[in-house]
Amino acid sequence: MYKAKVVGAGSYSPETIVTNRDLEKVVDTSDAWITRRTGIKERRIATGGLLTSDLATRAAQQALGQAGMDAQDLDLVVVGTVTPDRQFPSCACLLQEKLGARKAASMDVSAGCSGFIYALSVANNAIRCGEAQHALVVGAEVLSGVTNWADRGTCVLLGDGAGAVVLSRTDEDTGIKAIHLRSDGSFGHLLYSVDQNGTPRQALEIVPGAGEPKPFYLVMDGKPLFKKAVECLEEITRWTLDKAGVKVEELALMVPHQANIRIINALAQRLGLSEDKVYTTIERYGNTSSASIPTALAEAVSMGRLAPRDKLLMVTFGAGLTWGASLVEWSI
Ligand code: COA
């Protein structure tokens with residue numbers, strides 16, 4: 001069976017910065033509370049009509065550039081997102097068009113904040129079984145479009161952005177060593193979307209003028225989610241390391257989903273992983289859902305934090321609940 005290795009990484013974060021102080025003017029909150037409880041100082045917001053597919057395009061172009069590859073070489077485009085530009089066509093098809101990836105098959109993966117790792121798994125399997133030689137994997141979100149700006153419990157947490165990696169087939173003994181995914185729908189009530197009436201999406205009434213489509217926003221029960229997140233992240237990390245035959249001490253870097261610095265620190269502590277081996281961006285970007293891991297990864301790569309043969313762990317959790325991890329032997 002073939003293997004897949006990462007040959008390029010890229011990211012794009014919109015330029016508009018919203019600080020905690022800015023949010024003090026919007027909801028009853030404070031910079032001190034947000035910093036202490038989450039680690040977030042500021043986040044980026046996609047203004048000026050930028051859509052998820054636009055952010056994805058910029059991240060993908062950077063990843064393709066690092067890979068030295070043309071979009072026309074891609075056989076597969078997979079986008080993890082909960083905020084596609086439209087319900088359909090998929091964000092991946094819109095991205096394919098913007099990139100000019102003419103011969104690729106394209107699809108979105110909806111797995112909450114785990115979207116990128118789930119998308120990575122889809123692409124990894126397509127390469128392993130010979131269906132694709134080169135695949136683009138993207139996590140991209142415009143969460144500001146589904147944020148309830150009156151809810152201080154969620155609006156202070158979220159941000160917009162995109163990150164991408166290019167995977168290529170390899171015969172070498174390197175690249176993606178293990179991916180492990182899990183989900184548990186019985187915890188779906190901890191993080192979900194509702195329309196303005198608080199209801200899920202329903203069939204529209206066949207009455208002229210009635211039942212206009214309503215925008216939706218996300219709702220979260222933060223405390224139990226926090227507890228569940230730490231448990232799931234530790235469990236999936238240990239399984240994935242076992243599957244790859246790698247010990248915690250051998251890790252060069254962990255790039256976790258950036259939801260809350262206290263969750264990240266609790267995970268690192270449980271694993272016995274020192275702070276210098278954990279890459280965080282939450283202070284500057286907040287929680288960008290599917291975009292958080294590939295954005296942090298691309299940044300870590302550009303900062304020279306990974307060398308060939310280094311062992312990288314990416315680990316995530318999100319709405320669903322979904323969670324997952326991947327162990328990669330770095331190859332750039
Ligand atoms: N500013 C000021 N106070 C706030 C606030 C805000 N933005 N949000 C909540 N509070 C208040 C609450 O109303 C509550 O007040 P009370 O004690 O008077 O009732 C108090 O702060 C504590 O709220 P609580 O929800 O218990 O805080 P917390 O320590 O659990 O932190 C989260 C809240 C959301 C930061 C935390 O639960 C969390 O990060 N959960 C996981 C979220 C997550 O990972 N989501 C993404 C999944 S991909």
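How many Å separate the centres of domain 1 and domain 2? Taken over C-alpha atoms, the answer is 15 Å. Keep in mind as you click around that this is a predicted model.

**Stop one: the two domains**

Start by colouring residues 3-172, which make up domain 1. Then give another colour to domain 2, which takes in 178-200 plus 221-329. Now pick out the residues where the two meet: domain 1 brings 42 residues to the contact and domain 2 brings 35.

**Stop two: the interface**

Show a surface here if you like. About 2,800 Å² is buried between domain 1 and domain 2, and carbon and sulfur atoms give 62% of that area. Next, select Cys113, Ile117 and Tyr118 and show them as sticks. Together they supply 24% of the area that domain 1 buries against domain 2, which is more than any other three residues give.

What about polar links across the boundary? You can skip hunting for salt bridges, as the count between domain 1 and domain 2 is zero. Polar contacts are another story: 18 residue pairs, both partners at pLDDT 80 or more, are in polar contact between the two domains.

Stay on domain 1 and switch to cartoon view. Several elements give two or more residues to its side of the interface, among them strand S1 (3-12), helix H2 (31-38), helix H5 (115-128) and strand S7 (160-170). Which element gives the largest share of that side? Select H5: seven residues come from this helix. If you colour the whole domain 1 side by residue type, you get 17 nonpolar, 17 polar and eight charged residues.

**Stop three: the ligand**

Now centre the view on the ligand. There are 23 residues around it, and the closest are Thr29, Arg37, Arg152, Gly222 and Asn260. Pick Arg152 to begin with: one of its polar side-chain atoms lies 2.8 Å from an oxygen atom of the ligand. Move on to Gly222, where a backbone N or O atom sits 2.9 Å from a ligand nitrogen. Then try Arg262, which has a polar side-chain atom 3.3 Å from an oxygen atom of the ligand.

**Stop four: some backbone oddities**

Most residues other than glycine have a negative phi, and most peptide bonds are trans. The next selections go against that pattern.

Go to Phe88 and Pro89, which are joined by a cis peptide bond with omega about 0°. Pro89 is in the loop between strand S4 (76-80) and helix H4 (91-99).

Then jump to Gly320 and Leu321, where you'll find a cis peptide bond with omega about -10°. Leu321 is in the loop that runs between strand S12 (311-318) and strand S13 (322-329).

Finish at Ser289. It isn't a glycine, yet its phi is positive, at about 50°. Look for Ser289 in the loop between helix H9 (282-285) and helix H10 (292-302).

Conventions:
Residues numbered from 1 in each chain as written. Predicted model: local features only at pLDDT ≥ 70, side-chain atom pairs only at ≥ 80, totals over all residues. Heavy atoms only, no water. Domains from an automatic or database assignment. Contact = heavy atoms within 4.5 Å. Buried area = accessible area lost by both parts, 1.4 Å probe. Salt bridge = Lys/Arg side-chain N within 4 Å of Asp/Glu carboxyl O. Polar contact = N/O pair within 3.5 Å; in protein donor to acceptor, adjacent residues only side chain to side chain. Helix = DSSP H or I, 4+ residues; strand = E, 2+ residues; numbered from the N terminus. Nonpolar A, V, L, I, M, F, W, Y, C, P; charged D, E, K, R; others polar. Near = heavy atom within 4 Å.
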